[in-house]
Amino acid sequence: MRPRVKTRIAIAMTALVAVNLLTAAVSWGYTARATRLSEVARASSAQASAIEQAAHRVTRFVSDGNSLALAVNRSSASEEVSARYGEIQGSELGSDHALQMVRSAGADSASAYQQWEQLRLATYLWINREAETAGSGLRLTRDAQGRYRASVSTNLHAPLDLAALDSAGLRNAVRLRSQSLVDGSLRRLAHDAQADATLAAQQEDQARMMAAQATLALIALSLVTAIAAAVWLYRSIAAPLQRARVYAECVAAGDLDAVYTSHTDDEIGSLTHAIEDMKNSVVRRIAIMQEMAGAVLVTADDVDKAAQHALQGAKSNMSSEAVADDIVAVVGHAKILTDLAAQMLRE
Amino acid sequence: MPELYQLASAITRHLDSIHVHDPIGLIRAKGTLATRTGFLVSLISPNDPNDPEKVRLLRQAATELGLEACMEGSR
């Protein structure tokens, strides 16, 4: 069974809305993915930048450690030693902060921080050894809050691998630890972060391209769907209505022999059936009127003949019975006509 | 379909065919049929019950008007 007109319109509208929703959903999905990847790329870039910053700070700390150790070794003036100590304090805090930032940027930097702790201890042990050798009263110690500060005594204890080393050995240990941290761990972390950023950026570009392509494809699909829906609705609604209109115009112009053969089983079919029923009703009523008119003509002829006969009879002295017979015949014809008119009016 | 409707249809079709170029003659013929039978033949529909009296009157009127040929197929 053919769907009703309003059902067809609903189907067409639903198809259009569905395709548009699909287009919006696909486009939104790819765009959201691209946005996420953009954020990943940004975060990875920030991570790489933080790692580079940390490497720079650590290198600065090592340099300041060298300067302080040299100043202590040369028994430099206390002002110079104080200045160098102030510098290394600043660079130590900067390095520590930078490595904390690396960890908060999401890098797996636990091992790097541990290396930093070892480098810092080795540096201060080396400086203490230089001060001891030079006969200086300066010692670097660690307070209860874990901060390194200047003092007259020290509570720093060298681990086993550093305990037996002299100044040169400790200086070398500092150099090796610095290389392991900066050129090893931090460089590796920076490389990984940059690779992640590059990959995320590439994937973001791909996602944006896919979003554009999918959107274009679905716009084309939406256009095709709209055209197909329009054609379908025209062929299933407008064209049958056009045929029904032409049929009604033929009937209105007097072509009562016209027959409608394209009835459909929907609202338009109901309309065309109604038009055809109306035509058939008109044809029937015309036939009834024609038959009634014919009866009137025939009766009028009979009445005229009877009247002529009566007139001739009156002129030729016809008997009254004969005249009465003529009148009775006329009355009879009139009664028949009256009966026929009553049948027509009852219809 | 009832015999009355079949007979009426046959007679009407026959009158239409013999008076195809004479509309006034057609009207007169139908009028004569109506006055002879006493009822309007055009009012007979397929849903009307079969009326033997009307069938008899219709056959008689058709015979009087010389329309026997069209009644052969409706018996």
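Helices (DSSP runs of H or I, at least four residues) and strands (E, at least two) are numbered from the N terminus. The structure is a predicted model, in which local features need pLDDT of at least 70 and side-chain atom pairs count only at pLDDT 80 or more, while totals for chains, interfaces and linings use all residues. Residues are numbered from 1 along each chain as its sequence is written, chains are lettered from A and ligands numbered from 1 in the order in which they are written, and side-chain values use heavy atoms, with hydrogens and water left out.

**Exercise 1. Describe the overall make-up of chain B.**

Step 1. Chain B contains 4 helices and 0 strands, and its elements run α-α-α-α from the N terminus on.

Step 2. Of its 75 residues, 48% count as buried; buried means under 20% relative accessible area, exposed over 50%, and partly exposed in between (1.4 Å probe, protein chains only).

Step 3. Contact means heavy atoms within 4.5 Å. Among contacts in chain B between residues at least 6 apart in sequence, 66% join residues at least 24 apart.

**Exercise 2. Determine which side of helix 3 of chain B is buried, and what covers it.**

Step 1. Helix 3 of chain B (residues 52-64) has 13 residues and reaches 18 Å from its first C-alpha to its last, close to the 18 Å expected at 1.5 Å a residue. The expected span is 1.5 Å times one less than the number of residues.

Step 2. Its buried residues are B:Val55, B:Leu58, B:Arg59, B:Ala61 and B:Ala62. They lie on the same side of helix 3 of chain B, because they cover an arc of only 165 degrees around the axis; the arc is that of the directions from the helix axis to the C-beta atoms.

Step 3. The cover includes helix 1 (3-18), helix 2 (23-37) and helix 4 (68-71) of chain B.

Step 4. After helix 3 of chain B comes B:Gly66, with a positive phi near 75 degrees.

**Exercise 3. Examine how helix 2 of chain B is enclosed, and how helix 6 of chain A packs on it.**

Step 1. In helix 2 of chain B, 11 of the 15 residues are buried, so this helix is largely enclosed by the rest of the structure. Among them are B:Leu26, B:Ile27, B:Gly31 and B:Leu33.

Step 2. These buried residues pack against helix 6 and helix 7 (320-346) of chain A, together with helix 1 and helix 3 of chain B.

Step 3. Helix 6 of chain A (residues 267-315) and helix 2 of chain B pack at an angle of about 80 degrees, with their axes 7 Å apart. That makes the two helices roughly perpendicular. Axes are lines fitted to C-alpha atoms, for helices over the stretch in contact, and angles run from 0 to 180 degrees between N-to-C directions. Angles under 35 degrees count as roughly parallel, over 145 as roughly antiparallel, 65 to 115 as roughly perpendicular and the rest as oblique.

Step 4. The residues that meet include A:Gln290, A:Leu297 and A:Asp301 from helix 6 of chain A, and B:Ile27, B:Lys30 and B:Thr35 from helix 2 of chain B.

**Exercise 4. Place A:Ser38 and A:Ala200 in chain A.**

Step 1. A:Ser38 is found in helix 1 of chain A and is buried, with a relative accessible area of 15%. Not counting residues up to four places away in sequence, A:Ser38 touches A:Glu204 and A:Arg208.

Step 2. A:Ala200 lies in helix 5 (residues 167-252) of chain A and is buried at 3% relative accessibility. With the neighbours up to four places away in sequence left out, A:Ala200 touches A:Leu37, A:Val40 and A:Ala41.
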